Amino acid sequence: MTKPTKRLGPAATALALCIGLVLSAQASADDLEAGKKIAFDRSKGNCLTCHHIEGGPLPGNIGPPLIAMKSRFPDKAKLRAQIWDATAINPHSIMPPMGRHRILSEKEIDLVTDYIYSL
Amino acid sequence: MKKLIAAFGLTLLIAGCNATTPEKPASLKAQYEVALKNAQAAVEKAAAVDGEWRDIRWKKSKKRYLPSAIKAAEAGDYEKALKLLEIATFQAEAGYKQAMEQKNAGPRF
Amino acid sequence: MKKILTLLLSAGLMTTAMQAVSSPQEDLEKFRLYYEQRFPGIQLDDFGNGPYALDANKRMQWESMEEFPPYEEYVDKGREIWETPFKNGKSFASCFGEDPSKVRVKYPRWDSKTQQVVTLEGDINKCLKDNGEKPFGWKKGKIAHLGAFLGYEARGQKINVVIPDDPKALEAYEEGKHFYYAKRGQLNLACADCHVQYPGQRVRGQMLSTGLGQTTHFPVFRAKWEKASPDGDGMGTLHRRYGGCNKQVRARPFKAQSRQYRNLEFFHTYMSNGLEINAPGYRE
């Protein structure tokens with residue numbers, strides 16, 4: 001039992017590394033797609049209720065259109081914080097605190113942030 | 001092929017070891033009973049200040065975290081029950097906190 | 001010196017106390033002024049038409065729909081309910097008076113005997129019970145049909161909620177006011193967030209109405225309720241709508257005719273005092 005595994009060792013490591021690299025490169029495109037899905041989903045992010053997003057059907061206009069996000073939020077962490085709890089900066093903000101009230105999970109907020117940041 | 005089988009066997013062994021380590025059902029049940037009491041108290045506290053959220057126990061909610069937890073426990077799935085109770089407790093506490101923060105809400109134009 | 005200090009201090013205390021609770025009349029004036037300034041050119045009564053007052057396209061569609069309004073058959077049903085005698089031979093007129101056009105304008109009202117807000121629906125079911133009849137459901141069906149008829153008969157009269165100078169009545173009003181402005185539910189939204197801060201703007205394809213004039217057209221025929229109803233009956237009461245709103249912000253709705261919703265109705269309707277009753281209305 002030991003012999004074959006030992007022999008497998010270096011090859012397996014190399015293979016794992018390869019797959020890992022490919023996966024992480026691919027993940028960002030997939031992640032963006034996943035983030036978009038959450039953003040558009042009415043029972044999840046439901047961003048379109050209030051925000052215009054390129055390619056999103058029937059957007060509302062309560063909030064500002066989500067465009068040129070990198071210039072509006074040079075610091076991505078600030079964008080994430082805004083999504084997590086907009087009332088931290090403005091207690092009267094109409095935007096639901098997606099993270100503070102666990103409307104989305106932390107992982108989902110990461111994905112949505114990545115997606116919104118790409119707009 | 002031989003190599004593959006060996007690797008597979010190893011994985012199974014590791015997985016098998018992992019599966020036997022968690023607490024026994026008895027202590028999970030005890031944990032559940034404490035968590036249930038906490039959740040129920042938190043929900044009553046939120047309800048008392050009109051701060052209860054939709055999905056905790058309202059009859060028309062599709063989620064109904066609190067009754068669903070009790071159902072899961074009755075079916076013996078304490079892990080699921082504990083997860084649901086955690087959500088119910090969080091929501092109840094957040095609803096109570098919200099009602100307290102909004103205590104002085106009034107006209108703003 | 002001491003005297004002056006005490007005087008100054010108590011004067012200071014007085015003003016803070018006065019700031020804390022503004023009178024209903026002051027609240028109403030500020031509320032109305034806010035919308036009139038925000039939407040100049042819209043006539044006071046037109047605020048009762050919700051989004052159709054604010055958007056020309058929606059108004060055109062609505063006006064053509066109003067030529068054959070879908071609520072008409074329910075007004076007729078309501079008239080039948082009004083006219084049909086109870087088993088004891090009496091009818092609704094024995095509770096509300098002979099003239100059906102004089103009913104709607106009295107509601108919601110403060111009942112000094114029971115020290116609570118009484119709604120039209122509350123008195124409809126009380127009348128049924130007092131006459132040995134089975135009460136109606138609170139949110140839709142017969143109660144909304146009768147309400148539609150009584151509203152239709154009262155069209156053109158002005159909303160006139162009276163808040164008597166009674167601490168308990170003011171307390172009820174204050175509770176309703178607080179409800180309107182307090183954020184609630186997982187989505188953390190107050191009635192005012194949408195209908196004070198963002199009227200005229202859209203959530204998805206729907207335009208938010210102004211808080212001013214929101215209660216004048218109830219009971220309402222909603223296209224959304226029409227679709228959800230097996231027989232296409234889209235009529236519903238104000239408390240049905242309150243429940244729907246609370247559900248959407250992911251708060252647990254209160255029961256129709258709960259103290260919370262009755263007090264909300266008290267404040268909410270008072271804010272539209274002076275506007276014409278235009279019930280039943282149509283909404284998407």
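Along its sequence, chain B runs through the pattern α-α-α-α. This description rests on a predicted model, and the chain has 4 helices and 0 strands. Chain A likewise reads α-α-α-α, with 4 helices and 0 strands of its own.

**Chains A and B**

The table sets out some values for these two chains.

| Chain | Residues | Buried residues | Contacts joining residues at least 24 apart, among those at least 6 apart |
|---|---|---|---|
| Chain A | 119 residues | 26% | 47% |
| Chain B | 109 residues | 30% | 61% |

How confident is the prediction for chain B? The average pLDDT of chain B is 86, and 76% of the residues score at least 70. Within chain B, residues 8-20 have a pLDDT below 50, and this stretch makes 0 contacts in the model beyond near neighbours in sequence. Where pLDDT is low, the predicted coordinates should not be read in detail.

In chain A, helix α4 covers residues 106-117. Its 12 residues should span 16 Å at 1.5 Å a residue, because the expected span counts one less than the number of residues. The end C-alpha atoms of this helix are 16 Å apart, which agrees with that expectation. Buried residues in α4(A) include Glu108(A), Thr113(A) and Ile116(A). Leu111(A) is buried too, as are Ile109(A), Val112(A) and Tyr115(A).

**Nonpolar cores**

In soluble globular proteins, nonpolar side chains tend to be buried together. The largest nonpolar core in this model has 85 residues. Those with the most contacts inside this core are Ala39(B), Val43(B), Ala69(B), Ala88(B), Ala92(B), Ala148(C) and Tyr270(C). Helix α4 of chain B, residues 78-101, gives the core its largest share, 8 residues.

Which residues does Ala69(B) touch, leaving aside neighbours within four places in sequence? Ala69(B) is in contact with Ala81(B), Leu84(B), Leu85(B) and Ala88(B). Of these partners, Ala88(B) is also listed among the residues with the most contacts inside the core.

Another core, of 14 residues, lies apart from the largest one. Among its residues are Leu66(A), Ile109(A), Val112(A) and Tyr115(A). Ile109(A), Val112(A) and Tyr115(A) belong to helix α4(A), described above.

**Where the chains meet**

Chain C touches both of the other chains described here. The contact between chains B and C takes 14 residues from chain B and 19 residues from chain C. On the chain C side, α2 (24-38) and α9 (167-181) each supply at least two residues. By class, that side of chain C has 8 charged, 6 nonpolar and 5 polar residues.

Between chains A and C, 13 residues of chain A are in contact with 12 residues of chain C. What classes of residue does chain A bring to this contact? The side of chain A that touches chain C has 8 nonpolar and 5 polar residues, with no charged residues.

**A sheet in chain C**

Chain C has an open sheet of 3 strands, in the order β6-β5-β7, with mixed pairing. The edge strands are β6 (235-236) and β7 (281-283), each of which pairs on one side only. Strands of a sheet pair through backbone hydrogen bonds, either parallel or antiparallel. Strand β5(C), residues 220-222, pairs with β7(C) in the parallel sense over 3 bridges. Opposite Val220(C) stands Gly281(C), a residue of β7(C).

Technical notes:
Residues are numbered from 1 along each chain as its sequence is written. Chains are lettered from A and ligands numbered from 1 in the order in which they are written. This is a predicted model: local features need pLDDT of at least 70, side-chain atom pairs count only at pLDDT 80 or more; totals for chains, interfaces and linings use all residues. pLDDT is the predictor's confidence in each residue, from 0 to 100. Two residues are in contact if their C-beta atoms, placed from the backbone, lie within 7 Å. A residue is buried if 20 or more other C-beta atoms lie within 10 Å of its own, exposed if 12 or fewer, and partly exposed in between; C-beta atoms are placed from the backbone. Ala, Val, Leu, Ile, Met, Phe, Trp, Tyr, Cys and Pro count as nonpolar, Asp, Glu, Lys and Arg as charged, and the others, Gly among them, as polar. Two strands pair if DSSP finds at least two bridges between them. A nonpolar core is a set of buried Ala, Val, Leu, Ile, Met, Phe, Trp, Tyr and Cys residues joined through C-beta atoms within 7 Å.
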